[in-house]
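Colleague: Before the assignments are accepted, I should like to examine the grounds for each of them. May we take them in turn?

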Amino acid sequence: MKSILFGSIGTLIETSDTQRVSFNRAFKEENLSWNWDYQTYKKLLEKSGGIKRIKDYAFQKGEIVNAERIWKRKTNIFNKIIETKKFEARKGVLNIFRYAKDNNIQIGLVSSTSKKNIDTIFKALNGQISKGEFNFIGNNKLINKPKPEPDIYFKALKIMNLKKNECIAIEDSVESAKSAINAGIQCVAFPGLYHRDGNFEFCKFKVDELDISILK
């Protein structure tokens with residue numbers, strides 16, 4: 001194996017509930033009566049893309065909103081919260097990084113979120129993991145079609161000069177895992193807080209903690 005591809009920032013650090021809180025604060029600033037509780041947000045996370053979630057929810061409610069403005073405000077709120085808190089890397093993540101370093105295995109972050117969100121996550125990790133440890137870091141500007149489309153994985157394979165059978169992906173949600181599978185890459189499901197009940201039967205493994213056994 002030549003590379004381990006962490007597919008989403010959620011595979012490195014758990015911030016889903018902070019995202020939910022940030023959305024609700026943004027809604028309040030927009031004078032919307034929306035409040036996404038755990039179950040509502042869990043359902044909305046079945047589809048990728050914060051702006052799309054806002055648009056879909058507005059459609060369900062029969063309301064017209066500026067989804068992009070709300071999403072940008074949510075992102076600013078989220079970033080400020082993250083910058084004031086310290087987060088631990090998810091269970092087993094640091095062990096995987098050490099193993100990769102000791103065995104000359106490349107690491108990619110095949111994310112399709114914004115550069116701003118990615119920068120904020122590295123601040124939250126507070127030196128536990130640095131950008132310099134990655135051979136590829138994706139973002140939403142590199143592709144036209146988000147996950148579950150395989151575009152961001154194809155981009156990673158091209159830039160990292162990899163064949164699909166030379167790497168393994170780690171993903172935290174069903175939709176993101178499908179992106180790896182659609183690119184022909186084996187995927188390990190490492191579900192986040194809001195995705196533990198997801199159907200990951202198409203993945204190689206489903207784990208609660210990362211271990212080097214997943215690479216064998």
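Modeller: Certainly. This is a predicted model, and its protein chain comprises 8 helices and 6 strands. In sequence order the elements run β-α-α-α-α-α-β-α-β-α-β-α-β-β.

Colleague: What makes the protein chain as compact as a globular protein of that length?

Modeller: The globule rule gives 17 Å for 216 residues, and the radius of gyration of the protein chain is 17 Å, close to that value; the chain is therefore as compact as a globular protein of that length. Along the principal axes, the C-alpha trace spans about 55 × 35 × 30 Å. Of the contacts with a separation of 6 or more, 67% are accounted for by residues 24 or more positions apart.

Colleague: How much of the protein chain counts as buried, and what is its accessible surface?

Modeller: Of the 216 residues, 50% count as buried. The accessible surface comes to about 11,200 Å², and carbon and sulfur atoms hold 46% of that area.

Colleague: How many positive and negative side chains are there, and how far apart do the centres of the two sets lie?

Modeller: There are 38 positive and 25 negative side chains in the protein chain, and 4 Å separates the centres of the two sets.

Colleague: How many disulfides does the structure hold?

Modeller: The structure holds 0 disulfides. Cys187 is in none, as the nearest cysteine sulfur, that of Cys203, is 4.1 Å away.

Colleague: Why is the sulfur of Cys203 too far for a bond?

Modeller: A disulfide requires two cysteine sulfur atoms within 2.5 Å. The closest cysteine sulfur to that of Cys203 is in Cys187, at 4.1 Å, and so it is too far for a bond.

Colleague: Why are Cys187 and Cys203 called buried?

Modeller: The term applies under 20% relative accessible area. Cys187 has a value of 1% and is therefore buried. Cys203, with a relative accessible area of 11%, is buried as well.

Colleague: Where is His195 placed, and why does His195 count as buried?

Modeller: His195 is in the loop between strand 5 (187-189) and strand 6 (205-206). Its relative accessibility is 12%, and the cut-off for buried is under 20%; His195 therefore counts as buried.

Colleague: Which residues is His195 in contact with, leaving aside neighbours within four places in sequence?

Modeller: With those neighbours left aside, His195 is in contact with Leu45, Asp172, Ser173 and Phe200.

Key: Residues are numbered from 1 along each chain as its sequence is written. This is a predicted model: local features need pLDDT of at least 70, side-chain atom pairs count only at pLDDT 80 or more; totals for chains, interfaces and linings use all residues. Side-chain values use heavy atoms; hydrogens and water are left out. Helices (H or I, at least four residues) and strands (E, at least two) are DSSP runs, numbered from the N terminus. The radius of gyration is taken over C-alpha atoms; the globule rule is 2.2 Å times the number of residues to the power 0.38. Buried means under 20% relative accessible area, exposed over 50%, partly exposed in between (1.4 Å probe, protein chains only). Contact means heavy atoms within 4.5 Å. Accessible areas come from the Shrake-Rupley method with a 1.4 Å probe; for residues, only the protein chains shown count as cover. Lys and Arg count as positive and Asp and Glu as negative; His and the chain ends are not counted. The place of a charge is taken as NZ of Lys, CZ of Arg, CG of Asp or CD of Glu.
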